[in-house]
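Welcome, and thanks for taking a look at this one with us. Here is a short briefing to keep beside the viewer as you explore.

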Amino acid sequence: MSAAPATHVPRLIERMAALSALTGATLLTAIMLMSVVSIALRALGFDPIQGDFELVQVGLAACIALLLPWCQLQGGNIVADFFTASLHAGIRRRLDALGAALFALVMALVAWRTGVGAAVMKTNGEITMLLGFPIWIGYALMTPGLALTAVVAAVNAVTAWRAAGQHD
């Protein structure tokens, strides 16, 4: 299967994926800067930023989820095409469509369960050990990126299916 990006993506979805990626990149930059400051403080003999590893865990989870839609839109996910490389282009596109549809379904399920998990953790009042940071916030920050990834994958599936029909 090829990892070609979708060519006919609605402008709104493309902009949402780009905004999600920019948000994820900004968050990653903030995490990196906080880590550098914490390590520098430790190296200079001062106390590091308390709970820095907790903030890194929560931040990176949200960051990854926010970067996934753009990755899916650009066809950046890993594709194993060893067995399908010699197939007719139309068949490969149909397999691409099936793979994207399955990915959309899985990401929708993950987004749903992540949202439910956020609600449960908020209800239970779960917090991190050092900072007392509410864990549900990390789950809540992941949910939009996961849901948008499902939408982008669904668009990829429709696009690949239509492309296969045009070349059969």
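Does leucine 28 count as buried, partly exposed or exposed, and what is its relative accessibility? Leucine 28 counts as partly exposed because its relative accessibility is 39%, a value between the 20% and 50% cut-offs. Please keep in mind that this is a predicted model. The protein has four helices and zero strands, and the notes below go from the whole chain to its core, a pocket and a few single residues.

**Overall shape and confidence**

- Read from the N terminus, the elements follow the order α-α-α-α.
- Along the principal axes, the C-alpha atoms occupy a box of roughly 65 × 40 × 30 Å.
- The radius of gyration is 20 Å, whereas a compact globule of 168 residues would come out near 15 Å.
- Of the 168 residues in the protein, 32% are buried.
- The average pLDDT is 90, and 93% of the residues reach a score of at least 70.
- Among the elements, H1 has the highest mean pLDDT, at 97, while H4 has the lowest, at 92.
- As a general caution, predicted coordinates should not be read in detail where pLDDT is low.

**Nonpolar cores**

- The largest nonpolar core has seven residues: Val9, Ile13, Ala17, Leu73, Leu148, Val152 and Val155.
- Two elements, helix H1 (11-43) and helix H4 (135-166), each give two or more residues to this core.
- The biggest share comes from H4, which gives three residues.
- Another core, of six residues, lies apart from the largest one; its members include Ala65, Met107, Met142 and Leu146.

**The second largest pocket**

- This pocket holds about 160 Å³ of space.
- Its lining is made up of Glu54, Gln57, Val58, Ala61, Thr128, Met129, Ile135, Gly138, Tyr139 and Met142.
- Helix H2 (52-73) and H4 each contribute at least two of the lining residues.
- Sorted by class, the lining has six nonpolar, three polar and one charged residues.
- Met142 is worth selecting in your viewer, since the residue is listed both in this lining and in the six-residue core.

**Single residues and their partners along the chain**

- Leucine 28 sits in helix H1. Its C-alpha atom is 7.4 Å from that of glycine 59, although the two are 31 residues apart along the chain.
- Alanine 101 belongs to helix H3 (residues 89-124). With a relative accessible area of 35%, alanine 101 is partly exposed. Between alanine 101 and alanine 160 there are 9.9 Å in space, C-alpha to C-alpha, and the pair is 59 residues apart in sequence.
- Leucine 105 is also found in helix H3. Leucine 105 counts as exposed because its relative accessibility is 60%, which is over the 50% cut-off. The C-alpha atoms of leucine 105 and valine 151 are 9.3 Å apart, with the two residues 46 apart in sequence.
- Alanine 153 is part of helix H4. Alanine 153 is buried because its relative accessible area is 0%, under the 20% cut-off. Its C-alpha atom is separated by 6.5 Å from that of glutamine 72, and the two are 81 residues apart along the chain.

How values were computed: Residues numbered from 1 in each chain as written. Predicted model: local features only at pLDDT ≥ 70, side-chain atom pairs only at ≥ 80, totals over all residues. Heavy atoms only, no water. Core = buried A, V, L, I, M, F, W, Y, C linked by side-chain atoms within 4.5 Å. Buried < 20%, exposed > 50% of the residue type's maximum accessible area, 1.4 Å probe, protein only. 1 Å grid on protein atoms, 1.4 Å probe; cavity = no way out; pocket = protein on both sides within 12 Å on 5 of 7 lines; lining within 4 Å. Points joined across faces, edges and corners; volume = space filled by probe spheres on them. Nonpolar A, V, L, I, M, F, W, Y, C, P; charged D, E, K, R; others polar. pLDDT = per-residue confidence, 0-100. Rg over C-alpha atoms; globule rule 2.2 N^0.38 Å.
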